[in-house]
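Hi everyone, thanks for coming. I'll take a few minutes to walk you through a structure that may be new to you, so have a look at it while I talk.

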Amino acid sequence: MAELLNVDDVVGRIVRAVQPLSSETVPLIDALQRVLAQDVVAPVDVPSFASSSMDGYAVRAGDTSGASPETPVRLRVVADIPAGAAPCVTLGAGEAARIMTGAPVPEGADAIVPVEDTGETWRSDGSSRLSEAVEVFRTVESGAYVRPPGENLRAGETVLEQGTVLRPQDIGIIASLGLAEVPVYRRPRVAIISTGSELVEPGQPLAPGQIYNSNGPMLAALVRSAGGEAIVLRTAPDTLDAVRSCFDVALQSAPDLIISSAGVSVGTHDVVRAVVEELGEIDLWRVNVRPGKPLVYGHVQGVPYFGLPGNPVSAMVTFDLFVRPALDRLQGARQAAPPEIVAVLGEAFESDGRRSYLRVRLERSAGRWVAYSTGTQSSAALLSMVRADGLLILPEGVRHAAPGSEFSVRLLRPFALPG
Ligand code: AMP
Ligand code: MG
């Protein structure tokens, strides 16, 4: 029997075997979770002008020296500057301008006195025009409450690197640079093949001995959650002809990746392997992981291909472990560390010595995460995945894990904090 392959080595081999797709330009508003195909470099300083960080009065800091509530300094108000106004006045000695948050600080001013530290007086100058003065109750330093140009970032600075998966805050900062479009890698097109003579599509009546195809819809959802475009094919019964024609249809859809589920073990009806060996080649076979055997990785007419196990839990775990990194790589995304936390076991867990990913729910207790099994760990029991917050990782060689011991838990995305 061939040696079992290590999970991390397999991921490394998959990632090295796959190349990023071409790029395209999309409107910024549609760029969430897309992967940047180029660095974003600031074309301008942000902010581009000195602005006030408070509602108040723009002043010459020197004019406020000695000001206090008991000994206010009175300044002549020569302008009113709302946000969005172009700078228009130059402040002279003894002058102030009323200014709003975000408005440009006028020439001559070098500090803002917040409105809370001022009083207002109004007087007639003798004509019909009112002139205004403000009483300043505190001394401000030069630069107080002034956001200098380039405070956020400088022209020429790299703001985001190629390979970044765009988050809302990334989209915000790209918008702040004035860019309405962004270069991203193309979404991978992923053909999904469900094989098995027992499968019926949801919505159809079930005959004795049949089950609904849950892998197809689940894998399509996993592909979308990983940034891909899912092309879902009709289920194929376990005959060479049916599976072959299903792969033909898949190949006609110009896929960047093909995934099939089931039919890759050594059962007599497992024809998928035979078809793939006809159309392409198989690179990997036995991985030291549970659940997850059997797993096939290869190429079908040059298209990267994964043959996932038929059991739904195994299909999902192997997707997360092996297909997700491939999809990240196709999209040019930097490989992100899997979201893992350390948890204390709330009960004993068993393994057979392969690296095991066991479904657990997490409870918060005395400042630590405590992991409990979600029930049967059968790889056919998808409910245990539905109830899970994460996958407890028992490393290779661990056959028994005692309550109170600590292990990593890989969080299922999105992770809802247990109530
Ligand atoms: P196989 O890999 O073909 O031996 O399948 C393993 C188990 O997974 C069998 O019990 C199948 O009935 C089940 N299975 C295979 N494909 C699917 C599917 N698309 N949805 C739900 N269960 C499946
Ligand atoms: Mg089968």
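**Starting from helix α3**

Let's begin with α3, where the buried residues are N215, G216, M218, L219, A220, L222 and V223. Keep in mind that what you're looking at is a predicted model. So what do those buried residues of α3 pack against? They pack against β13, β16 (229-232), β17, β21 and α6. After the helix comes G227, and its phi is positive, near 90°.

Okay, zooming out to the whole chain. The domain assignment splits it into domain 1 (7-21 + 187-330), domain 2 (26-46 + 152-185), domain 3 (51-147) and domain 4 (340-411). To give you a feel for the layout, the C-alpha centres of domain 2 and domain 4 are 38 Å apart.

Now for the inside. The largest nonpolar core is made of 41 residues, and I259, F306, F319 and F322 have the most contacts within it. Elements giving two or more residues to this core include α1 (7-17), α3 (215-225), β17 (257-261) and β26 (390-394). The largest share comes from α6, with 11 residues. And why does this core lie between domain 1 and domain 4? Because both of those domains give residues to it.

Let me pick out F306 for a second. Leaving aside residues up to four places away in sequence, F306 touches I14, L257, I258, I259, S260, L295, V296, Y297, F322, V323 and A326. There's also a second, separate core of 21 residues, with I193, A236, L251 and V303 among them.

On to pockets, and here I'll take the second largest one. It holds about 210 Å³ of space. There are 14 residues in its lining, and I211, N215, G310, N311 and P312 are the ones nearest the centre of this pocket. You've met N215 already, as one of the buried residues of α3. What's the mix in that lining of nonpolar, polar and charged residues? Six are nonpolar, seven are polar and one is charged.

Last stop is S245, which sits in helix α4 (residues 240-252). Is S245 buried, exposed or partly exposed? Its relative accessibility is 39%, so S245 counts as partly exposed. If you look for V275, that residue is 30 residues from S245 in sequence, and the two are 9.7 Å apart in space, C-alpha to C-alpha.

That's my tour, thanks for listening.

Definitions and conventions: Residues are numbered from 1 along each chain as its sequence is written. Chains are lettered from A and ligands numbered from 1 in the order in which they are written. This is a predicted model: local features need pLDDT of at least 70, side-chain atom pairs count only at pLDDT 80 or more; totals for chains, interfaces and linings use all residues. Side-chain values use heavy atoms; hydrogens and water are left out. A nonpolar core is a set of buried Ala, Val, Leu, Ile, Met, Phe, Trp, Tyr and Cys residues joined through side-chain atoms within 4.5 Å. Buried means under 20% relative accessible area, exposed over 50%, partly exposed in between (1.4 Å probe, protein chains only). Helices (H or I, at least four residues) and strands (E, at least two) are DSSP runs, numbered from the N terminus. Domain bounds come from an automatic or database domain assignment. Contact means heavy atoms within 4.5 Å. On a 1 Å grid over the protein atoms alone, a cavity is a set of points where a 1.4 Å probe fits but cannot get out, and a pocket is an open set with protein on both sides within 12 Å along at least five of seven lines; lining residues have an atom within 4 Å of a point. Grid points are joined across faces, edges and corners, and a volume is the space filled by probe spheres set on the points. Ala, Val, Leu, Ile, Met, Phe, Trp, Tyr, Cys and Pro count as nonpolar, Asp, Glu, Lys and Arg as charged, and the others, Gly among them, as polar.
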